[in-house]
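Student: I would like to learn how to read a structure one feature at a time. Could we work through one together?
Tutor: Here it is.

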Amino acid sequence: MSTCFLPDLKTLSAMALLGLSLSCGRKTQTVDPVAPSPEPAPLNEPVQKSEIDVKLLRITSYFNRFLNGPTTYVSEVTPEAWLNRPVQTPDYGRMLAKGTAIRMIAVGGGMTAGAQNGGLYREGQLTAYPNLVARQVGMADFTTPAFDQQHENGTGFDLRAPASVLSLLRVSNALGIVEPEKDGKPPVFQPYTGDVHNYSAPWLGVGDSELYWKPSSIGKSVNINGVSWPMELPYVKRFLPESVQTRTLLDHIQNSQSYNFFIFEGRSEGCFNVLRFQGLRKIGFGDLAGDITGGFDMTRFALQKLAAKGQKGVLFTVPYYQDLGIGSWPYPSLSDDEIGAYNAAVKLINKVAYQSADDYDLAVVDLNALYHRIRQGGYKTEQGLAVQGGLEGNFFSSDGIYPSILGQAIIANEVCRAINEKYQAKIPLLDINQYLATIGLPGPQ
């Protein structure tokens with residue numbers, strides 16, 4: 001096994017070991033020489049359109065200023081070792097009719113798709129929480145449209161360099177980019193043609209879940225992100241057929257899947273998307289919540305589709321800004337006014353989430369409360385592993401918004417708890433230590 005560019009692992013605590021290794025440890029890497037870290041941009045400094053990298057998923061363009069060069073990466077994490085294990089049928093309580101086999105789907109944004117470290121790639125996709133939940137609820141054939149092993153690094157992503165969490169190295173080998181963005185046209189990623197149960201993608205928010213394909217609109221106008229096409233388009237086109245030209249994404253799911261349980265991430269990705277274009281303009285309350293009635297209607301529209309036959313499911317709340325990893329870093333990307341507007345919108349969005357869950361008899365995973373507990377400190381897994389937030393902790397990946405492999409496993413257990421509480425089910429929790437050991441990551445020392 002090749003050596004990672006981490007410092008002496010024996011000197012690290014279990015928290016630091018996991019926090020770094022879940023981004024870059026126990027894998028094969030070759031690091032090119034790098035230059036010293038540049039100074040961060042002043043608060044709210046305008047960012048030129050040319051600096052936007054639509055293939056990567058950093059929460060703001062400020063992260064671009066911490067890129068210190070390229071690196072290569074060959075994953076030695078083996079999610080298949082866990083995902084291919086036999087499953088058992090748990091007690092579903094009132095979640096499903098007695099004797100019914102589980103058929104689960106997931107619809108969401110980058111978190112649900114498995115985005116990590118500012119990119120979408122195979123390792124993150126296969127360790128995303130829906131895959132883990134599917135195993136715990138007894139569904140052995142749940143599939144996520146992951147990049148294949150030849151193109152395992154997908155869009156490319158950012159690994160933390162050993163010197164600082166704000167020093168990043170961009171993975172540039174084994175990418176899944178068939179055609180780069182050019183002449184106003186979106187990039188084309190390696191297509192996926194197998195079965196799909198996880199209909200999630202970066203940039204895909206509630207409103208976008210009613211996505212209509214409009215090829216004629218490409219190149220006609222420029223949106224806030226500086227391009228003329230929906231940002232989620234190249235990701236979603238990887239796994240949806242070209243024939244989906246006039247239907248919504250949710251209509252396509254209804255016509256192609258016979259499911260009896262669903263995971264719906266809700267409006268978190270929409271909030272994260274606003275943070276991504278913060279460098280282009282000052283954000284306000286309207287960017288996040290807009291017309292609150294309209295936001296409520298978008299959520300209800302999606303749930304009316306997903307729960308059209310009375311299916312049970314799970315809905316998420318949205319974390320406050322300061323509880324995200326990026327909310328802790330020493331160079332804030334938001335002003336106090338912007339943070340206030342963001343959190344005010346999140347509060348209302350979460351109120352709608354709980355009301356919608358009551359209306360449709362759904363379980364709620366309170367990410368807002370979970371992320372806050374982790375930021376406050378003292379959070380431990382059932383096996384005693386200490387979990388910490390912020391950019392230096394082990395819960396978030398290097399982009400400061402999407403969870404690490406450990407963070408995804410913690411969220412999977414929160415989903416199982418929410419199901420058990422809502423539906424009087426007995427879904428077993430994931431043994432996180434055993435899981436990490438099985439896929440080739442170190443546990444607590």
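Student: Where should we begin, and how many bridges join strand 10 to strand 11?
Tutor: Begin with the pairing of strands, bearing in mind that this is a predicted model. Strand 10 (residues 312-316) and strand 11 run parallel, and 3 bridges join them. To see one of these partnerships, take Phe 316, whose bridge partner in strand 11 is Val 365.

Student: In what order do the strands of the open sheet lie?
Tutor: A sheet is read from one edge to the other, strand by strand. Here the order is 8-3-9-10-11, which makes 5 strands with parallel pairing. At the edges are strand 8 (198-200) and strand 11, each of which pairs on one side only. On average, neighbouring strands in this sheet are turned by 15° against each other, with direction ignored.

Student: Which helices lie across these strands, and at what angles do they run?
Tutor: Read such a packing by asking which strands a helix crosses and how its direction relates to theirs. Helix 7 (residues 249-256) lies across strand 3 and strand 8, at about 175° to strand 8. Helix 11 lies across strand 10 and strand 11, and its angle to strand 10 is about 175°.

Student: How do I read the span of helix 11?
Tutor: Start from the general geometry. An α-helix has 3.6 residues a turn, so residues three or four places apart point the same way. For the span, set the end-to-end distance beside the expected one. Helix 11 covers residues 336-360, 25 residues in total, and reaches 36 Å from its first C-alpha to its last. That is close to the 36 Å expected at 1.5 Å a residue.

Student: What phi does Asp 361 take, just after helix 11?
Tutor: The phi of Asp 361 is positive, about 60°. Asp 361 also has a charged partner: its side chain meets that of Lys 422 in a salt bridge, 3.6 Å from N to O. This pair links distant parts of the chain, with Asp 361 in the loop between helix 11 and strand 11 (363-365) and Lys 422 in helix 13 (residues 405-423), 61 residues apart. Salt bridges that share partners join Arg 94, Lys 312, Asp 361 and Lys 422 into one network.

Student: Are Asp 361 and Lys 422 buried or partly exposed?
Tutor: Compare each relative accessible area with the cut-off: under 20% is buried, over 50% is exposed, and partly exposed is in between. Asp 361 counts as buried at 19%, whereas Lys 422 is partly exposed at 24%.

Student: How many salt bridges are there by this rule?
Tutor: The count comes to 10. One of them pairs Arg 103 with Asp 141, their closest N and O atoms being 3.1 Å apart. Arg 103 is in the loop between helix 2 (80-83) and strand 3 (104-108), and Asp 141 is in the loop between helix 5 (129-136) and strand 4 (158-160), so the bridge ties together parts 38 residues apart in sequence. Both ends are partly exposed: Arg 103 has 29% relative accessibility, and Asp 141 has 37%.

Student: What does Arg 300 meet in a salt bridge?
Tutor: The side chain of Arg 300 meets that of Asp 359 at 2.8 Å, N to O. Arg 300 is in helix 10 (residues 292-306) and Asp 359 in helix 11, so distant parts of the chain, 59 residues apart, are linked. Arg 300 is partly exposed at 23%, and Asp 359 is partly exposed at 43%.

Student: What surrounds Asn 198, and how far away in space is Ala 113?
Tutor: For a single residue, read its burial, then its contacts. Asn 198 lies in strand 8 and is buried, with a relative accessible area of 1%. Apart from neighbours within four places in sequence, its contacts include Ala 106, Pro 130, Phe 142 and Pro 145. Ala 113 is 85 residues from Asn 198 in sequence, yet 7.1 Å away in space, C-alpha to C-alpha. The side chain of Asn 198 also reaches the backbone oxygen of Thr 112, at 3.0 Å.

Student: Which side chains form polar contacts with Glu 123?
Tutor: Glu 123 lies in helix 4 (residues 122-126), and it is buried at 5% relative accessible area. Its side chain has a polar contact of 2.6 Å with that of Tyr 73 and one of 2.5 Å with that of Ser 75.

How values were computed: Residues numbered from 1 in each chain as written. Predicted model: local features only at pLDDT ≥ 70, side-chain atom pairs only at ≥ 80, totals over all residues. Heavy atoms only, no water. Helix = DSSP H or I, 4+ residues; strand = E, 2+ residues; numbered from the N terminus. Expected span 1.5 Å × (residues − 1). Salt bridge = Lys/Arg side-chain N within 4 Å of Asp/Glu carboxyl O. Buried < 20%, exposed > 50% of the residue type's maximum accessible area, 1.4 Å probe, protein only. Pairing = 2+ DSSP bridges. Axes fitted to C-alpha atoms, helices over the stretch in contact; angles between N-to-C directions. Contact = heavy atoms within 4.5 Å. Polar contact = N/O pair within 3.5 Å; in protein donor to acceptor, adjacent residues only side chain to side chain.
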